[in-house]
Amino acid sequence: RLRAGEQVFVSMPQPRPLEVVPENIPLCIIYEDAHLVIVDKPQGMVTHPAPGNITGTLVNALLYQVDNLSGINGVLRPGIVHRLDKDTSGLLVVAKSDLAHRRLAEQLKARAIKREYLAVVHGSLRDDAGTVVAPLARHPKDRKRMAVVAGGREAITHYWVRERFANYTLLQLQLETGRTHQIRVHMAHLGHPVVGDPVYGPRK
């Protein structure tokens, strides 16, 4: 808290141009045609540049390996229609043209694209299958986290038990909506957080 007579000095850094540099990073491209690319994003790779992750992202690698990418999402996210968390591995569809980008975005919005995931969670779920319907929004106290919040955006996750272990369960999950950290927050909300999740899971 400031008091009368105190002075505050602010040093503003010079603005940096929005520029994403192509980088020769190995990528596993599953499929490619004139309209889109399907790439297998590895665990540990950030999808697109953001504060703290300007280089080494999937976009940096795509700019090096793919000739044309959609420009709808601007300089920092060319071609990116949807994303995966840094610690999540899996297939991403990347648009090469603006038309393909618009059509894919429309299909996502209409829930015409099926997205399935596998996750190992703590504990043993009571039911072999179920659906989590719980709205998500920014955590009221920690803006870097998401939380189940009344009045948040609709979020629906379907799950099926694939295999049970002593203290863990392997789940197959299908997203009906695609909110930030949706699976991770919904599983933690059920009391079965994803194993290895440093944000919503147990510390050990």
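**View 1. Strands S1 and S2 side by side.** S1 and strand S2 (residues 36–41) run antiparallel and are joined by four bridges; strands here are DSSP E runs of at least two residues, and helices are H or I runs of at least four, numbered from the N terminus. Two strands count as paired if DSSP finds at least two bridges between them. A hairpin of three residues takes S1 into S2. Look for Glu 32, whose bridge partner in S2 is Val 37, and for Cys 28, which sits opposite Asp 40 in S2. This is a predicted model, where local features need pLDDT of at least 70 and side-chain atom pairs need pLDDT 80 or more, while totals for chains, interfaces and linings use all residues. Residues are numbered from 1 along each chain as its sequence is written, and side-chain values use heavy atoms, leaving out hydrogens and water.

**View 2. The three-stranded sheet.** Zooming out from the hairpin, we get an open sheet in the order S1-S2-S3, paired antiparallel. Strand S1 (28–32) and strand S3 (90–95) are the edges, each pairing on one side only. From one strand to the next, the twist averages 25° (axes are lines fitted to C-alpha atoms, for helices over the stretch in contact, with angles from 0 to 180 degrees between N-to-C directions).

**View 3. The four-stranded sheet and its helix.** Here the open sheet runs S4-S9-S8-S5, again with antiparallel pairing. S4 and S5 are the edge strands, each with pairing on one side only, and the twist averages 30° from one strand to the next. Eight bridges link S4 to strand S9 (residues 168–175), with Arg 115 opposite Leu 175 in S9. Helix H3 (residues 182–190) packs on this sheet, touching S4, S5, strand S8 (156–164) and S9, and its direction makes about 70° with that of S8. Contact means heavy atoms within 4.5 Å.

**View 4. Leu 125 in its loop.** Leu 125 lies in the loop between strand S4 (115–122) and strand S5 (129–133). Is Leu 125 buried or exposed? Its relative accessible area is 4%, so Leu 125 is buried (buried is under 20%, exposed over 50%, partly exposed in between, with a 1.4 Å probe and protein chains only). Leaving aside residues up to four places away in sequence, Leu 125 touches Tyr 159, Arg 164, Thr 169, Leu 171 and His 192. Leu 125 and Tyr 168 are 43 residues apart in sequence, yet 8.8 Å apart in space, C-alpha to C-alpha.

**View 5. Val 8, ahead of S1.** Val 8 belongs to the segment before S1. With 57% relative accessibility, Val 8 counts as exposed.
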